[in-house]
Amino acid sequence: MTISHGQDRRHSRVASVSTYARWLLLAVAATTNYAAGCHTLNTPQTTSLPLRHERVRDQLIIHSAFDMPERHRLVEELCAQRSDLAVKLMLPTSDEPIHVYLFDKPNEFSAYMRLHYPELGPRRAFFVEGDTRLAVYAQWGDRVAEDLRHEVAHGYLHAVVPNLPLWLDEGLAEYFEVPRGTAGVNRPHVEALLAEREAGTWTPSLPRIEAIQEASQLQQRDYAEAWAWVHWMLESTPERRVELCHYLQRLRETGVAPPLSHAMSTSSPQAEQQLIAHLESLRTR
Ligand SMILES: [Zn+2]
């Protein structure tokens, strides 16, 4: 198993090849506070999945250790995200189940992770794609809404589009992790990228992040830049959104597609400058 670690990354994707299955994991790292707290944990109290309660809502099968209200606001939002994503990206929906395991105690979540995914280190949530199963694991907490929107978006995407490039997979998940009604604006990413731009420490380059094949090489800024390219394509002009949707459609139909930057060099030769202008417009919006 290839493992990714990094102090400054929130997310990591781990790819592994075993005898029986090729797994793909997309994870949200724990916050610094949580990571610090994690080191104080002693022997795991349990390593069981939270299976006491189960709710089926459309594509989602939500397993939890605690009973949730029949119509929990977060679950409603996750269900709505399915059609939001399909409409925005011009994709069909799938009926392939996405199992969501919600742990109510951080120590039980971390105990489960240490037993089954010890290479990941402290995380708040992660997504696993197996050959026959899509699953999200998360701990209930202050940021569970953001985490679940991110990880469940991976699930909805992987159910209909194979072989998503790493940068695009994460850029789309970062777009859909923000609450509904905010047009995918990930405010911390806007501020961080513009600050780096003004400090002279960052120049956007889609070919650069396209070349990153291993999650272990993705830095926090790469996630932000991946989000920026996605947001620019989806929210600047109708033509760019169609270009991205056609790219996803090609992946869906054939399983392969050349790097998106190849076509963009013709359709948007000034893409880097336009991306910066787009970020500037978001700062003042
Ligand atoms: Zn992710």
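**Exercise 1. Find what covers the buried residues of helix 6 in this predicted model.**

Solution.
- The cover includes helix 5 (166-176), helix 8 and helix 11 (271-284).
- Next, identify what is being covered. His189, Val190 and Leu193 are the buried residues in helix 6.
- Now place them around the axis. Their arc is only 100°, so they sit on the same side of helix 6.
- The general rule fits this kind of pattern: an α-helix has 3.6 residues a turn, so residues three or four places apart point the same way.
- Finish with the other face. Turned away from the buried side of helix 6 are the exposed residues Arg187, Ala195, Glu198 and Ala199.

**Exercise 2. Check the length of helix 6 against the expected span, then look just past its end.**

Solution.
- Helix 6 has 13 residues.
- At 1.5 Å a residue, these should span 18 Å. The definition multiplies 1.5 Å by one less than the number of residues.
- The end C-alpha atoms of helix 6 are 18 Å apart, which agrees.
- Just after helix 6 comes Gly200, with a positive phi of about 75°.

**Exercise 3. Describe how helix 6 packs on helix 8.**

Solution.
- Take the geometry first. Helix 6 (residues 187-199) and helix 8 (residues 220-235) have axes 10 Å apart, at an angle of about 110°.
- Classify the angle. The range 65 to 115 degrees counts as roughly perpendicular, so helix 6 is roughly perpendicular to helix 8.
- List the partners. Helix 6 supplies His189, Ala192, Leu193 and Glu196. Helix 8 supplies Arg221, Ala224, Glu225, Trp227 and Ala228.
- Sort them by class. The contact has 5 nonpolar, 1 polar and 3 charged residues.
- Link back to burial. His189 and Leu193 of this contact are among the buried residues of helix 6.

**Exercise 4. Do the same for helix 8 and helix 9.**

Solution.
- The axes of helix 8 and helix 9 (residues 238-254) come within 5 Å and cross at roughly 120°.
- That angle makes helix 8 oblique to helix 9.
- From helix 8, Trp232, Met233 and Leu234 take part. They meet Arg240, Arg241, Glu243 and Leu244 of helix 9.
- By class, this contact has 4 nonpolar, no polar and 3 charged residues.

**Exercise 5. Set these helices in the whole protein.**

Solution.
- Count the elements. The protein has 11 helices and 7 strands.
- Look at burial. Of the 285 residues, 36% are buried.
- Look at contacts. Among those with a separation of 6 or more, 66% join residues 24 or more positions apart.

Note on methods
Residues numbered from 1 in each chain as written. Predicted model: local features only at pLDDT ≥ 70, side-chain atom pairs only at ≥ 80, totals over all residues. Helix = DSSP H or I, 4+ residues; strand = E, 2+ residues; numbered from the N terminus. Buried ≥ 20, exposed ≤ 12 C-beta atoms within 10 Å, placed from the backbone. Contact = placed C-beta atoms within 7 Å. Axes fitted to C-alpha atoms, helices over the stretch in contact; angles between N-to-C directions. Parallel < 35°, antiparallel > 145°, perpendicular 65-115°, else oblique. Nonpolar A, V, L, I, M, F, W, Y, C, P; charged D, E, K, R; others polar. Arc of directions from axis to C-beta.
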